[in-house]
Number of protein chains: 2
Amino acid sequence: MTTTWITRRRWLAALGAAFSLAACAPMPGTPAADPLPSWNEGPAKQRIVDFVEAVGTEGGKDYVAPAERIAVFDNDGTLWLEYPMYTQVLFVFDRIKALAPQHPEWKDKEPFKSVIAGDIRAAMAGGEKALIELVLAAQAGSTGEFAAVVNDWMTKAQNPRFKRGYDSLTYQPMQELLRYLRANGFSTYISSGGSVEFMRPFTERVYGIPPEQVVGTRQKLLYEVKDPQGVLVMQPQIEHVNDGAGKPVGIEVLIGRRPIAAFGNSDGDLAMLQYTTTGPGLRLGMIVHHDDAVREHAYDRESPVGKLDKGLDQYRSAGWTLISMKNDWKTIFAPAP
Amino acid sequence: MTTTWITRRRWLAALGAAFSLAACAPMPGTPAADPLPSWNEGPAKQRIVDFVEAVGTEGGKDYVAPAERIAVFDNDGTLWLEYPMYTQVLFVFDRIKALAPQHPEWKDKEPFKSVIAGDIRAAMAGGEKALIELVLAAQAGSTGEFAAVVNDWMTKAQNPRFKRGYDSLTYQPMQELLRYLRANGFSTYISSGGSVEFMRPFTERVYGIPPEQVVGTRQKLLYEVKDPQGVLVMQPQIEHVNDGAGKPVGIEVLIGRRPIAAFGNSDGDLAMLQYTTTGPGLRLGMIVHHDDAVREHAYDRESPVGKLDKGLDQYRSAGWTLISMKNDWKTIFAPAP
């Protein structure tokens with residue numbers, strides 16, 4: 001039943017927004033399939049379903065035209081695992097090790113020296129500055145060359161606790177939510193602090209989100225002709241940080257519309273949630289709360305990764321809904337491929 | 001017949017790319033309607049039709065999946081009138097005059113003084129630096145406020161020669177081309193030197209191109225809370241110039257894919273054309289040549305506006321096709337609304 005339903009939804013999403021509402025209407029006498037089978041009944045699930053039905057009801061007071069049904073999702077900790085370390089950072093560490101033979105000078109230079117020695121704690125002692133230095137050293141070349149590097153890493157790297165590739169450690173309830181929204185005429189965008197050139201190689205395969213719907217942190221690009229082909233070359237300079245107040249900016253640059261729904265999990269998502277939910281009409285803001293130490297991890301106010309502190313203070317007054325991974329989700333991860 | 005055809009095409013475009021090819025097949029015994037009725041038969045029209053059929057033929061050697069059928073269009077001089085002065089510059093001049101009472105200091109300060117006096121030649125004597133100063137003074141406020149200013153101007157401003165609003169001075173053959181491409185599964189993007197915040201308020205209405213498919217020159221944006229609403233405020237700083245080598249960069253930031261077709265009219269479009277047509281597989285690059293002094297304007301190598309010089313030298317060896325407005329187009333402008 002579940003398999004049939006997913007297949008049908010995917011097909012509906014492919015059909016396009018304008019026709020999906022009519023097509024989704026259950027056949028007379030047939031009970032409607034649950035679009036969110038991995039969600040427990042409760043206020044979080046109910047709020048999602050109520051919102052989608054309200055904005056999709058033509059003639060209703062909360063109706064929103066399909067073109068304006070923009071939903072934005074943080075990636076790390078909202079759509080996939082981020083703890084105890086962001087996946088892109090793990091990629092960067094591995095990439096530095098792979099590039100080390102071409103950079104003998106790194107042997108005596110921090111933070112490279114510690115990364116090569118496998119001492120992550122020491123490497124991170126340099127804080128954000130050290131991390132940016134590592135990212136810019138690891139992420140270079142033309143966009144096409146870099147995409148190949150990312151894809152190659154994804155097929156090889158394994159998470160030690162869950163014994164799976166990182167791109168299979170996405171949250172099944174959020175995958176269902178993405179498909180449910182698309183089947184109801186929404187466009188689903190990622191707006192993540194991660195690098196856009198790191199995410200775009202896999203977002204379509206992993207989430208059904210094409211490259212043109214991915215907003216992220218950007219390095220400066222230069223157009224160069226590497227005869228005979230014109231290519232875009234990643235420069236060692238961060239041009240846009242897609243975090244905090246940078247998220248609404250990144251969204252405007254790519255989309256040019258204010259979203260009507262936003263999903264995040266950390267304080268870095270609060271500006272995006274605020275921008276989304278302070279627009280006119282019905283809005284939806286939700287925060288994934290990592291409170292399941294058994295099936296995933298439990299962390300919030302004190303965590304250096306995915307810190308959720310102000311968000312816990314503000315969500316009620318802002319009208320946002322907390323999603324408890326422990327209580328609202330029947331399963332955590334999408335099935336292994 | 002034409003009206004019916006356009007309506008049917010629009011409907012097909014709404015149905016979505018994946019299904020349009022099958023649906024477009026003419027009924028047995030019914031001659032296919034001409035998708036480009038304002039184009040004279042000739043090499044330009046033939047090249048377009050051949051290209052669209054080749055990339056759309058499943059199983060054919062040049063087949064391209066609909067998601068990769070990205071076409072990019074310059075705006076000024078390619079989709080609408082740009083001569084003798086870019087429409088956005090005319091807007092900026094009018095806006096400076098409207099704002100002048102709030103800026104008494106402009107009375108004695110160039111280039112503002114000359115703009116207020118209506119002496120465009122003197123105002124432009126300061127070159128690009130003066131123009132950028134005017135643009136940044138004219139284009140401010142939140143993105144929503146600025147969109148309202150643009151929309152208001154569009155309803156009032158009139159082109160003195162053609163006695164029409166500027167947003168009705170679009171080229172009918174290019175409007176047909178946009179619809180033809182979308183009906184065949186293409187996404188049609190604008191990539192213009194104009195400001196993205198200037199174009200987005202009208203591109204959907206005028207071209208059927210939604211804001212998320214508009215690439216342009218960008219001012220820096222800051223996210224601010226103007227209680228109770230979060231807004232994006234345009235800053236007096238150019239962040240990205242979408243011209244020349246900036247066009248491939250702007251395309252990558254928004255789309256993250258290499259287009260397969262590009263249309264321009266000036267040397268500022270050559271990098272975009274080169275980036276597009278040096279990718280693998282079948283590609284299409286075309287240049288609109290303004291050679292019709294009777295119905296529009298004739299200008300190329302010597303023109304300060306829409307200069308086409310290197311493009312005329314390079315188009316043959318690059319494999320691009322020139323579109324002669326005089327010979328290839330039956331009509332120039334779209335019907336007045």
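**Exercise 1. Which residues does I116(A) touch, not counting residues up to four places away in sequence?**

Before we solve it, some ground rules. This is a predicted model, where local features need pLDDT of at least 70 and side-chain atom pairs count only at pLDDT 80 or more, while totals for chains, interfaces and linings use all residues. Residues are numbered from 1 along each chain as its sequence is written, chains are lettered from A and ligands numbered from 1 in the order in which they are written, and side-chain values use heavy atoms, with hydrogens and water left out.

*Solution.*
- Step 1: find the residue. I116(A) sits in helix α5 of chain A, residues 112–116. Helices (H or I, at least four residues) and strands (E, at least two) are DSSP runs, numbered from the N terminus.
- Step 2: look for contacts, meaning heavy atoms within 4.5 Å. I116(A) touches I96(A), K97(A), A100(A) and W106(A).
- Step 3: check one partner. W106(A) is 10 residues from I116(A) in sequence, and their C-alpha atoms are 8.4 Å apart in space.
- Step 4: ask about exposure. Buried means under 20% relative accessible area, exposed over 50%, and partly exposed in between (1.4 Å probe, protein chains only). I116(A) has a relative accessible area of 33%, so it is partly exposed.

**Exercise 2. Work out how much trust the predictor puts in the model.**

*Solution.*
- Step 1: take the overall scores. The model has ipTM 0.90 and pTM 0.90.
- Step 2: go to chain A. Its mean pLDDT (the predictor's confidence in each residue, from 0 to 100) is 92, and 91% of its residues reach 70 or more.
- Step 3: spot the weak stretch. Residues 1–26 of chain A have pLDDT below 50, and this stretch has 36 contacts in the model beyond near neighbours in sequence.

**Exercise 3. Describe how chains A and B are related and how they meet.**

*Solution.*
- Step 1: superpose the copies, by least squares on the C-alpha atoms of residues with pLDDT of at least 70 in both. A turn of 180° and a shift of 0.0 Å along the axis lay chain B on chain A with an RMSD of 0.0 Å. That's the relation of a two-fold axis.
- Step 2: count the residues. 38 residues of chain B are in contact with 39 residues of chain A.
- Step 3: compare the two sides. The copies meet through the same surface, because 100% of the interface residues of chain B are also interface residues in chain A.
- Step 4: get the buried area, which is the accessible area (1.4 Å probe) that two parts lose on being put together, summed over both. Between chain B and chain A this is about 3,200 Å², with carbon and sulfur atoms giving 54%. On the chain B side, Y223(B), E252(B) and V253(B) lose the most area to chain A, together 18% of what that side buries.
- Step 5: look for salt bridges (a side-chain nitrogen of Lys or Arg within 4 Å of a carboxyl oxygen of Asp or Glu). The rule finds 6 across the interface. E204(B) pairs with R257(A) in a salt bridge, with the closest N and O atoms 3.6 Å apart.

**Exercise 4. Sort out the two sides of helix α13 in chain B.**

*Solution.*
- Step 1: list the buried residues. In α13(B), residues 310–318, they are G311(B), L312(B) and Y315(B).
- Step 2: see where they point. They cover an arc of only 95° around the axis, so they are on the same side of α13(B). The arc is that of the directions from the helix axis to the C-beta atoms.
- Step 3: turn to the other side. There, K310(B), D313(B) and S317(B) are exposed.
- Step 4: find the cover. The elements over the buried residues include α12 (270–277), β7 (284–289) and β8 (321–324) of chain B.
- Step 5: step past the end. Just after α13(B), G319(B) has a positive phi of about 80°.

**Exercise 5. Track down some unusual backbone spots.**

*Solution.*
- Step 1: recall the background. Most residues other than glycine have a negative phi, and most peptide bonds are trans.
- Step 2: find cis bonds. One joins E110(A) and P111(A), with omega about 5°, and P111(A) lies in the loop between α4 (87–99) and α5 of chain A. Another joins Y83(B) and P84(B), with omega about 5°; P84(B) is in the loop between β1 (70–73) and α4 (87–99) of chain B.
- Step 3: check for positive phi. K163(A) has phi near 55° and lies in the loop between α8 (143–156) and α9 (172–183) of chain A. K163(A) counts as exposed, at 61% relative accessibility.
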